[in-house]
Amino acid sequence: MSGASSSTAPGARKTRILAVHGGASNANIMKFQTGPLRKILGSEAEWFFPESAEPWQSAAESIDPDLRRFVEVDPALAFYYAERSPFEVRLAQNKPFVQWFKIVSDGTGPIAEPVTFERSIAWLTDYIAREGPFDVVVNFAQGSIVCNTVLSRLMQSGKGAPWKLSIAFSPTPTPILQRKDHVAPFPQVAFIIASPPDPLYLNVISYERTLYANVEVLEHQDGVSFPVTPPVSRQIYERLASEIRRHCGLVAPAGVTVQEKRRDWAARLAKYRSAGQASPTAGAGTERVAGAGAAGSIPGVIAPRVRERDAPKDEDPEPEEEKPVEVPEVTAQALAEMLRAKTCVVADIANRRRGLPGLEKDDISSVTLRMVPGRARAALTRLKEDGRHLVAASVAGEECQEYCERLVKQFGFQADRLCVLAGGLRSWDVWELENPEAGNELRRAYGLPDLRGTVVGSVGVEALAELLLLRSCIAVDVREPEETRRRAFPGAQKDVSLLMLRKRPHLVKRKLAALREDGRPLVAVSGTGLRCRRYCSLLVDDFGFDADKVCWLEGGLLRWEEWELENREAGDEIRRVHDLPSIREHAPEEGRAARLREHSLDVLT
């Protein structure tokens, strides 16, 4: 690990500031991030930039396999392990991206890996002892965890608080395992710079208030980053510089700020205008207006170059009520037609990177737009000028309206150029499953590989009834055991469900071999028929079944139950042949078909 600091000029001691970078970062990036604050403080402060030696890797590289499943469902982790942008790579200046500790999984969730965590704490403690004393600590994200832990352990050892002021940008709560030895509350004043769009915002604020006796929160709207949007960003950095000077006994530089000058000038201008006099400073920074005076009545009076917004207002205008942005939904079939005509581009707002035709390659996910909108701005500008429709798609259609509203209000998109994929990516998966030929044609047009899986045929309920009555086929229930208990299918083989084939094929291999060697056609049955297509493809492609001997029931169990009620005598005969009781009429369940379909989608996706 290494540290970097600015050169110290001879003379009086400057304020010494320790700047601790976050995860997936390095010292060069932290120097860039602290640039606005360093510019305000100028030569008043000496900055130190320690750098971790623990390497960081993106999700595309080698990370803990157990952790990968949490990365796939946790937006914050997905953002942390995303590939760094070209801009961040340039800022890193050929230095590797590092982190203070490795994140692993304990089976129930992500945790800080103890070995790398303790190694970084020991190194940073030694760095502070070697390069200190420090007056202020500035940290970002993961850097707040190691700073808080070092502070707690130094206080535990009786050394007291080694700095006067803590400033944390988008801090991260310390992992539970490492909280046990925290001594709180800490005596320093702490400024927490956080953003409500951060998904951890409320947790962060609550946790930091348990750590520090005196906490003040400064808010901005730029997500998990240093504030960058004026005027709020400027106000935050000026406030922080003022607090650093106050706590470290510095005197603010002489002179007045630009804002103070503007306010003073506007007040003086209003005074002279109300008296019907000329401006008090006719000369530099003014221009002569022909035919009008400062009060609008005296020809040739010099009018100051002052903007209207600088003048004092008697009262603020009533803000206009914002109208919600609503964009239309498109079905998977409609999206397929748009993709075929190449009139749209698809935004995967969950950033799952599925092999979807027309998918925008740059990261414009909802997490990126909330946390670091600057990273997505170039891609969104290109898409806005492209002229095609942008279709927002999430896993199941959630958050898409909010995403489109952000595109309109924050990035200037026209609402009539935006759409939402109804049902999300799951509905697209179902469409591809039900339309394999059209789906593969689209995939080839966009340079994607064909969908894996042999396409097999289906059978109607009447044909299946004849086969079951003669015992000339094998029915296989592809549902899970808990689904088959209430309503058994006549003669159906169980315990060979779709999830068993996908997750534990070794447990069903022997049973499937016996079904394959039986020689009779195999008919797959599920609640709605959705799962059967995938199931039959697995039988053919992975378990050696003949495609001509495998099929699935159209409409699934729902359609079969309707047939039984319409043909009670034949239905009871089939049930007797397969040792089942006579048909019992069930009370109709409202929404059952939708629930079964939704469950099938959950299993498939």
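**Exercise 1.** In this predicted model, determine how many residues of strand 15 (residues 344-348) are buried, and state which residues lie on each of its faces.

*Solution.* Step 1: strand 15 is mostly covered, with 5 of its 5 residues buried. Step 2: one side carries Cys344, Val346 and Asp348, the other carries Val345 and Ala347, and both faces are covered.

**Exercise 2.** Identify how many bridges join strand 15 to strand 16 (residues 389-393), and which residue of strand 16 stands opposite Val345.

*Solution.* Step 1: the two strands run parallel and are joined by 5 bridges. Step 2: the residue of strand 16 opposite Val345 is Leu390.

**Exercise 3.** Compare the expected span of helix 10 (residues 232-247) with the distance between its end C-alpha atoms, then list the buried residues of helix 10.

*Solution.* Step 1: helix 10 has 16 residues, and the expected span is 1.5 Å times one less than that number. Step 2: this calculation gives 22 Å, and the end C-alpha atoms are 22 Å apart, so the two values agree. Step 3: the buried residues are Ser233, Ile236, Tyr237, Leu240, Ala241, Glu243, Ile244 and Arg245. Step 4: after helix 10 comes Gly249, with a positive phi near 75°.

**Exercise 4.** Characterise the second largest cavity by its volume, its lining residues and the division of that lining into residue classes.

*Solution.* Step 1: the structure holds 2 cavities of 30 Å³ or more, and the second largest contains about 40 Å³ of space. Step 2: its lining consists of Asn139, Ser144, Asn148, Ser166, Ala168, Ala190, Ile192, Glu208 and Tyr212. Step 3: at least two lining residues come from each of helix 7 (142-156), strand 9 (165-169) and strand 10 (186-194). Step 4: the lining comprises 4 nonpolar, 4 polar and 1 charged residues.

Methods: Residues are numbered from 1 along each chain as its sequence is written. This is a predicted model: local features need pLDDT of at least 70, side-chain atom pairs count only at pLDDT 80 or more; totals for chains, interfaces and linings use all residues. Side-chain values use heavy atoms; hydrogens and water are left out. On a 1 Å grid over the protein atoms alone, a cavity is a set of points where a 1.4 Å probe fits but cannot get out, and a pocket is an open set with protein on both sides within 12 Å along at least five of seven lines; lining residues have an atom within 4 Å of a point. Grid points are joined across faces, edges and corners, and a volume is the space filled by probe spheres set on the points. Helices (H or I, at least four residues) and strands (E, at least two) are DSSP runs, numbered from the N terminus. Ala, Val, Leu, Ile, Met, Phe, Trp, Tyr, Cys and Pro count as nonpolar, Asp, Glu, Lys and Arg as charged, and the others, Gly among them, as polar. Buried means under 20% relative accessible area, exposed over 50%, partly exposed in between (1.4 Å probe, protein chains only). Two strands pair if DSSP finds at least two bridges between them.
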